[in-house]
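This report describes a structure made of protein chains. The sequence and the coordinates are shown first, and the description follows.

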Amino acid sequence: MPIHSFPRRTFLIASSAALATGLPARASGLAPTPTMRGGANNYRPGAALTDRIGGGGFLMTGTVRQAGSGAPIPGARIQIWAHTTEGHERDAASHGATLTDAAGRFQMDMPQIVPAFGQPHGHLAYDGDYDANGFQTVFLRPVMAAAGLTTLNADFVLVPA
Amino acid sequence: MRSALIWAAALSLAFGPLLLAAGSPYLAFRQPIYIAAGFAGIAAMGLLLLQPLLAHRVLTGLPKPRRVHAVLGALIIALITLHVGGLWITSPPDVIDALTFRSPTPFSVWGVLALWAALAAAFLTARRRALRPKTWRRGHLTLGAVIALGTAAHALLIEGTMEPMSKAALAAALAWASLWAAWRSRLFSR
């Protein structure tokens, strides 16, 4: 269930309504992303930055923005992990971190996610203790719409710590 | 002849899922303890189907069907222990979330409900001599139905362990058998 898409959808609806009426977008338009249940399970604090997890072939994508203004947050450190064709969530080799670009986007090439504990899902963390941007920690646990897909997206909307 | 057909149908529904799950391509990506935990769950679900059928003599020809029912009951408890224990070893935080009803997965609550009902059934069985026969029967049948329906919902909502068609067939048979047993034992009448 892609709970994380609701704040974004709400924002899009709110901002298009604002555009349609000629009003400036409200600062309160973009709601922060709440941490998802189970999101932090098997997290490894401080996992190393990497260009790719394992052999790759599956693409995790997403954005990191500020609550309210929706401004992108460049250089935000996002850790990604999952049960894949190459290992369990708990394996150190299943974890890797990356930084967002100038537009607040990140992506990670990683092995194919396979169903584990009943759902094909990934884990993502923005950990305020390991990032100099100064936002509150958020853990996400997006579920794939189908196990055969080769991409998964998760967006963060963060609140200053 | 009729008895043999009923046996064949029951055993296919109960144990076909084990054979089909053994062909899952995901097994290659899982550690032995996680695989064992999954198969313990599937086996327990299959044995659960036989329980009301043995108790009500739908499955005939056994010399001591009630004795078999009791032995299978103990085996189911052992398999549930292996199921939860194996998952715990695989990923402790996910099992803690499930047991404390904080899991993000909708199937966990049904599995934990069935787990507690199974433990309550075992406890009730141990205390059977202290209970009035009517109290015992109502308690046992109610817990049996909760275990069966909880297990069916639990399995149906899980992706990636059982083969979907055989899972749906077993879940439907399990739900039907437990409710039929309760009705036949006049659980719902005064």
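The sections below treat confidence, the two chains, their cores and their contact.

## Model and confidence

The structure is a predicted model. Its overall scores are an ipTM of 0.89 and a pTM of 0.88.

For chain A the mean pLDDT is 88, with 83% of residues at 70 or more. The stretch from residue 1 to residue 27 of chain A has a pLDDT below 50, and in the model it makes 27 contacts beyond near neighbours in sequence. For chain B the average pLDDT is 95, and 98% of the residues score at least 70.

## Chain A: architecture

Chain A contains 1 helix and 8 strands. Read from the N terminus, the order of its elements is α-β-β-β-β-β-β-β-β. Of its 161 residues, 42% are buried. Among contacts in chain A with a separation of 6 or more, 73% link residues that are 24 or more positions apart.

Strand E4(A) shows an alternating pattern of side chains. Phe106(A), Met108(A) and Met110(A) point to one face and are buried, whereas Arg105(A), Gln107(A) and Asp109(A) point to the other face and are not buried. E4(A) runs antiparallel to E1(A), and 6 bridges join the two strands. One of the residues involved is Phe58(A), whose bridge partner in E4(A) is Met110(A).

## Chain A: two residues with positive phi

Most residues other than glycine have a negative phi. Two residues of chain A are described here with a positive value. Asn42(A) is not a glycine, yet its phi is positive, at about 65°. Asn42(A) is located in the loop between helix H1 (5–20) and strand E1 (58–66) of chain A. Asn42(A) counts as partly exposed because it has 19 C-beta neighbours inside 10 Å, while 20 or more would be required for a buried residue.

Phe117(A), also not a glycine, has a positive phi of about 50°. Phe117(A) is found in the loop between strand E4 (105–110) and strand E5 (122–126) of chain A. Phe117(A) is buried, because 26 other C-beta atoms lie within 10 Å.

## Nonpolar cores

The largest nonpolar core comprises 44 residues. The residues with the most contacts inside this core are Ala44(B), Leu48(B), Leu49(B), Ala118(B), Ile147(B), Leu170(B) and Leu174(B). At least two residues of the core come from each of the following helices of chain B: H1 (2–21), H2 (32–55), H3 (65–90), H4 (92–99), H5 (108–126), H6 (133–156) and H7 (164–184). H2(B) makes the greatest contribution, with 14 residues.

Leu170(B) illustrates how residues of this core meet others in the chain. Leaving out residues up to four places away in sequence, Leu170(B) touches Leu13(B), Ala14(B), Pro17(B), Met45(B), Gly46(B) and Leu49(B). A second core, separate from the one in chain B, has 36 residues, including Ile53(A), Ile73(A), Met108(A) and Ala116(A).

## Helices H2 and H6 of chain B

H2(B) has 24 residues and extends 34 Å from its first C-alpha to its last, close to the 34 Å expected at 1.5 Å a residue. In H2(B), 19 of the 24 residues are buried, so this helix is largely enclosed by the rest of the structure. After H2(B) comes Arg57(B), with a positive phi near 60°.

Ala37(B) belongs to helix H2 of chain B. Ala37(B) counts as buried because it has 23 C-beta neighbours inside 10 Å. Apart from neighbours within four places in sequence, Ala37(B) is in contact with Leu82(B), His83(B), Gly86(B), Leu87(B) and Thr90(B). Ala37(B) and Leu82(B) are 45 residues apart along the chain, but their C-alpha atoms are separated by 6.1 Å.

H6(B) also has 24 residues, which should span 34 Å at 1.5 Å a residue; its end C-alpha atoms are 34 Å apart, in agreement. Its buried residues include His140(B), Leu141(B), Gly144(B), Ile147(B), Ala148(B), Thr151(B) and Ala155(B). Among the elements covering the buried residues of H6(B) are H2, H5 and H7 of chain B.

## Contact between the chains

The contact involves 17 residues of chain A and 15 residues of chain B. On the side of chain A that touches chain B, 6 residues are nonpolar, 7 are polar and 4 are charged.

Key:
Residues are numbered from 1 along each chain as its sequence is written. Chains are lettered from A and ligands numbered from 1 in the order in which they are written. This is a predicted model: local features need pLDDT of at least 70, side-chain atom pairs count only at pLDDT 80 or more; totals for chains, interfaces and linings use all residues. A nonpolar core is a set of buried Ala, Val, Leu, Ile, Met, Phe, Trp, Tyr and Cys residues joined through C-beta atoms within 7 Å. A residue is buried if 20 or more other C-beta atoms lie within 10 Å of its own, exposed if 12 or fewer, and partly exposed in between; C-beta atoms are placed from the backbone. Helices (H or I, at least four residues) and strands (E, at least two) are DSSP runs, numbered from the N terminus. Two residues are in contact if their C-beta atoms, placed from the backbone, lie within 7 Å. Ala, Val, Leu, Ile, Met, Phe, Trp, Tyr, Cys and Pro count as nonpolar, Asp, Glu, Lys and Arg as charged, and the others, Gly among them, as polar. The expected span of a helix is 1.5 Å times one less than its number of residues. pLDDT is the predictor's confidence in each residue, from 0 to 100. Two strands pair if DSSP finds at least two bridges between them.
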